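I opened the file to go through the sheet and the helices in turn. My entries follow in the order of looking.

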Amino acid sequence: MTTLYWAPQTRSFRTLWMLEEIGAPYERMRIDIRAGAQAEPSFRAINPMMKVPALVDGAAMVAESGAIVAYLAERHPEAGLAPALGDAARGRYLQWMFFSGGCVEPAYAQKVTGQSLGTSTAGWGSFDRVLDVLDAALATGPWLLGDRFTAADVMIGSDLHFGVELFKIVEPRPSFEAYIARCKARPAFQRAEAIDAAG
Ligand SMILES: N[C@@H](CCC(=O)N[C@@H](CS)C(=O)NCC(=O)O)C(=O)O
């Protein structure tokens with residue numbers, strides 16, 4: 001059995017979206033993070049960081065939303081959400097998978113906190129550079145790897161949905177708005193949104 005430990009209106013969303021893209025059975029276990037349930041020993045055994053999301057899949061335990069999305073793409077090759085090992089497309093695929101946690105998230109944090117950091121020191125360069133790079137990558141589309149929707153779009157699509165629409169950290173740009181609209185048009189995104197809204 002596959003169990004997603006999650007909470008609504010959190011980074012759990014991208015893992016819900018990914019699970020809905022795959023379409024295999026899973027169950028959800030809601031962790032009431034507002035009541036401190038993430039600190040209970042039973043959950044800490046799954047994610048010692050005391051954060052959602054986390055996934056238990058048989059004997060496998062995975063925390064970190066990006067790792068969960070990557071794990072699920074590989075666990076379900078039949079869903080076709082990751083280029084196969086040895087496929088040259090895997091280069092850019094992995095780049096965007098890691099770009100989310102390594103560049104987009106810290107760039108958002110820098111913007112929100114107003115911290116100044118040199119572009120050589122910051123692994124993400126700067127907030128503006130991260131957005132310019134995404135803008136260029138999304139100029140052609142429809143997806144990051146061209147015609148093929150992959151788990152990397154779940155990562156970057158959820159980042160942009162979060163940054164542009166939900167938290168307004170990012171100024172809208174035509175490429176971002178068109179990409180977010182394409183993501184939101186996906187039935188799996190809509191199912192995940194409905195689950196998230198229902199709590
Ligand atoms: N790097 C983690 C971040 C997870 C995270 O920060 N989760 C938040 C919700 S978005 C959380 O569980 N907060 C509860 C807490 O920190 O007590 C990931 O991508 O999964």
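I began with helix 3, which lies across strand 3 (54-57) and strand 4. Its direction is about 140 degrees to strand 4. I note here that the model is predicted.

I then looked up the sheet. I find an open sheet of 4 strands in the order 2-1-3-4, and the pairing is mixed. Strand 2 (27-30) and strand 4 (60-63) are the edge strands, each pairing on one side only. I have 20 degrees as the average turn between neighbouring strands of this sheet, direction ignored.

Next I checked how strand 1 (residues 2-6) meets strand 2: the two run parallel and are joined by 4 bridges. For T3, I find the bridge partner E27 in strand 2. Helix 1 lies across strand 1 and strand 2, and I read its direction as about 155 degrees to strand 1.

I turned to helix 4 (residues 90-113) and asked what its 24 residues should span. At 1.5 Å a residue the expected span is 34 Å, and the end C-alpha atoms are 34 Å apart, so the two agree. I also looked for a bend and found a kink of about 50 degrees, centred on F99.

F99 is also among the buried residues of helix 4, as are R90, Y93, W96 and Q110. I asked which helices the buried residues of helix 4 pack against. They pack against helix 1 (12-22), helix 3 (65-75), helix 5 (127-137) and helix 6 (151-166).

Last, I looked past the end of helix 4: G114 follows, with a positive phi near 70 degrees.

Methods: Residues numbered from 1 in each chain as written. Predicted model: local features only at pLDDT ≥ 70, side-chain atom pairs only at ≥ 80, totals over all residues. Heavy atoms only, no water. Expected span 1.5 Å × (residues − 1). Bend = angle between axes of the 7 residues up to and from the residue. Buried < 20%, exposed > 50% of the residue type's maximum accessible area, 1.4 Å probe, protein only. Contact = heavy atoms within 4.5 Å. Pairing = 2+ DSSP bridges. Axes fitted to C-alpha atoms, helices over the stretch in contact; angles between N-to-C directions.
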